[in-house]
Each structure stands twice: as C-alpha cells, then as structure tokens.
Amino acid sequence: MLNIYTGRAGTGKTRAVMEEIAAAVGNESGGRILVVPEQYSHEAERELCRVCGNSMSLYADVMSFTGMARTVLSRAGEGLPLLDKGGRILCMALALDGLASRLRVYGAARRRPEMQTLLLSQLDELKTACVSPDALTAAADGCSGNLSDKLRDLALIAEAYDAVVSNGRTDPSDRLTRLAEAIPESDFGPGTYIYIDGFTDFTAQERRVIAELLKKGAEVTVCLTCGDGDSEVYAVPRAAMRALERTAGELGEKVGHRSFEGAEGKKEPLKFFEDNMFTYTAARMDGGGAVSLYRASGVTAECELAAAECVRLARETGCRWRDIA
C-alpha cells in the first residue's frame, strides 16, 4: 500500500513518521526504514535516535536511496567497486575509440576529454530518466537531420560505455537501476515499512525503486510538502504526488492520504509570507523583524550574504549549524 502524507512545512509530517517508527521499536512490527536525501541522513538519524531511544538501531535504519542500493546489492553479493571520475573518463575514451568510425556527430570526442565529460553528464541524465539506448534509437528514427544523428550517436555511445564498464566495475549512475532490479529477490516484503521524507520530487529511477517496493508488498509512506490550492510553490510536489498515484494505480495498489495542517511554533509573519509569496495580492503585514528582504547584485553576492549571516548567527547568538541547515 502507498500512503501519502501532505502538508506545508512544519505541520508535523516528519514528526508523525518518527512517532510511527518509535511505536514499532521493541516489538515484532519493527524493521522500519526511513529514506531521506543524502545530505539530510545524518541529521535525520540524530533526530530518530532522540525520538526512539538508544534501541532504535536494532529496529530502524536511516538511509538514502543510494544507501539502500549499497545495502541491498551487498546483501545480494553484487557489491562491485564503483568507478571514480577518472575511471569513468577512461571508460568513455575506450568506448569512443571503438566507435569512432560509426559516429556522425561525436567522432572528435575520442581525443577531447572535455567532450567526454560532457557526454558522461548526458548519459547520467538519460539513466536518471530511465531512457535506454533502444529508446534513443527509436527517437532517432522518428526525427531527421542533425538531431537524429545526435540521438543515434548517443545510443551507440551508451551501449559501448556500458559494455566497457561491465568488465568488473559499476557506474555510479546505474546504482538505483540495479537496486530496482535487485528488489524482487531481496528480503523486502509485506512486513517491510518504508518511509520516504524530505524529497520535493523523484527521478524516474527513484520512482522505479518505489514501484518495485510496492510490487513486493512493502508498506510505503511518502511525505510531500504540498499545500492546498493551486499555488505554484507546490507545483513540483503535486506533480510528484500524481505520478506516485498513477504508479500505484497501475500496480493495483491502494493509496491512502493524510493531510497535515497548522504549523506549530511558526511566527505569524512567516505564515503570512508562506501563504502570500506567490499569490500577488494586495494584502500587507508588519513583519516585525521575522522577515527581511535583501537585494543583491547577483547570485554570488546572495551566497556571500547568506554565508555571512550564518557566521553571525553562530558567533553572536549561539545558533547551531544544524539549526541553520
């Protein structure tokens, strides 16, 4: 079953998830997995330990999608070493050497490392979107001219690159695809509870992983910061929610919804700002110092200003770095 928790920031979605995990700690219904973005995993684990106590590690895990891939693939005996940046460029160079006579657009890339780096980034995007070489070839057949040549070249390069990499190594961009392929043979099942929090959207690879978990009968709960109405602020998470609903519908899985309202501890000026930032109304409110507006000459100046303010808060107010993050 797929459960979707929605609500604005600070309405209690994460707290509800952690309380559910805490309720399972120490009994037979334990074995929860909290999936969060990589940069948030450490802080999420600290918070989960605070809520669940010292025995949390026996019944619950905090990991990212890539962390889940490492765990599942290692248990399946597929822990092949990952290529680093230099290794990826060398593999791309080898692939291009074998294709030079067949490439119409990217033939010169075999002697240009900067072009090889660009091609790697393009392959990363294609793999993240689950676009296969066959799909690229089909797209090339459906168009003409330079675009068709580029798509056909990319299909050939993708196939050749994967063939080179498969010789005892793993490309980092393939980890989630391999995770999705390994889930059917994993120990995930009806007794598995997966909580996914902290994401605004999901890539095609991540959606495929979620679909495979649902196929195995796992209970999947997804938290999305999504308010009521049609505000453009929440357009991306709303689209992610609809995509997950379609996936569950195609698999015949039930979808449960739970809405959270009323941010606790948030000052009224911040609530007003959140409600009206993109509504373009004439409503006004005195921020009382809770909201400040700055104008900078560019993105670099904005970042420098934010960094300086973070340093000031840490030095003068005792604010912790993790509170700022």
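Select helix H8, residues 145-165, in this predicted model, and place a distance between its two end C-alpha atoms, which lie 31 Å apart. At 1.5 Å a residue, the 21 residues of H8 should span 30 Å, so the computed end-to-end distance agrees with that expectation.

Keep H8 selected and colour its residues by accessibility: Ser148, Asp149, Leu151, Asp153, Leu154, Ala155, Leu156, Ile157, Ala158, Ala160, Tyr161 and Val165 are buried. To see what lies over these buried residues, add helix H5 (85-99), helix H6 (113-128) and helix H7 (133-141), which are among the elements that cover them.

Next, hide that group and select helix H4 (residues 65-75) together with helix H9 (residues 175-182). Two packed helices are described by the angle between their axes and the distance between the axes. For H4 and H9 the angle is about 50° and the axes are 9 Å apart, which makes H4 oblique to H9. The contact is formed on the H4 side by Phe65, Thr66, Met68, Ala69, Arg70, Val72 and Leu73, and on the H9 side by Arg175, Leu176, Arg178, Leu179 and Ala182. Viewed as a pair, H4 and H9 cross in a left-handed sense.

Now centre the view on Thr66, a residue of H4. Is Thr66 buried or exposed? Its relative accessible area is 18%, and because the cut-off for a buried residue is under 20%, Thr66 counts as buried. Leaving aside residues up to four places away in sequence, Thr66 touches Glu38, Arg175 and Leu176, and Arg175 and Leu176 also belong to the H9 side of the helix contact just shown. Display the side chains of Thr66 and Glu38 as sticks, and a polar contact of 2.6 Å can be drawn between them.

For a contrasting site, move to Asp230, which sits in the loop between strand E5 (219-225) and helix H11 (235-251). Asp230 has a relative accessibility of 74% and therefore counts as exposed. From the C-alpha atom of Asp230, draw a line to the C-alpha atom of Ala108, 122 residues away along the chain, and the separation reads 48 Å.

Finally, zoom out to the whole chain, whose secondary structure comes to 14 helices and 6 strands. Its C-alpha atoms fill a box of roughly 65 × 55 × 40 Å along the principal axes, and buried residues make up 38% of the 325 residues. Among contacts with a separation of 6 or more, 74% are between residues 24 or more positions apart.

Notes: Residues numbered from 1 in each chain as written. Predicted model: local features only at pLDDT ≥ 70, side-chain atom pairs only at ≥ 80, totals over all residues. Heavy atoms only, no water. Helix = DSSP H or I, 4+ residues; strand = E, 2+ residues; numbered from the N terminus. Buried < 20%, exposed > 50% of the residue type's maximum accessible area, 1.4 Å probe, protein only. Polar contact = N/O pair within 3.5 Å; in protein donor to acceptor, adjacent residues only side chain to side chain. Contact = heavy atoms within 4.5 Å. Expected span 1.5 Å × (residues − 1). Axes fitted to C-alpha atoms, helices over the stretch in contact; angles between N-to-C directions. Parallel < 35°, antiparallel > 145°, perpendicular 65-115°, else oblique. Left-handed = near helix turned anticlockwise from the far one by under 90°.
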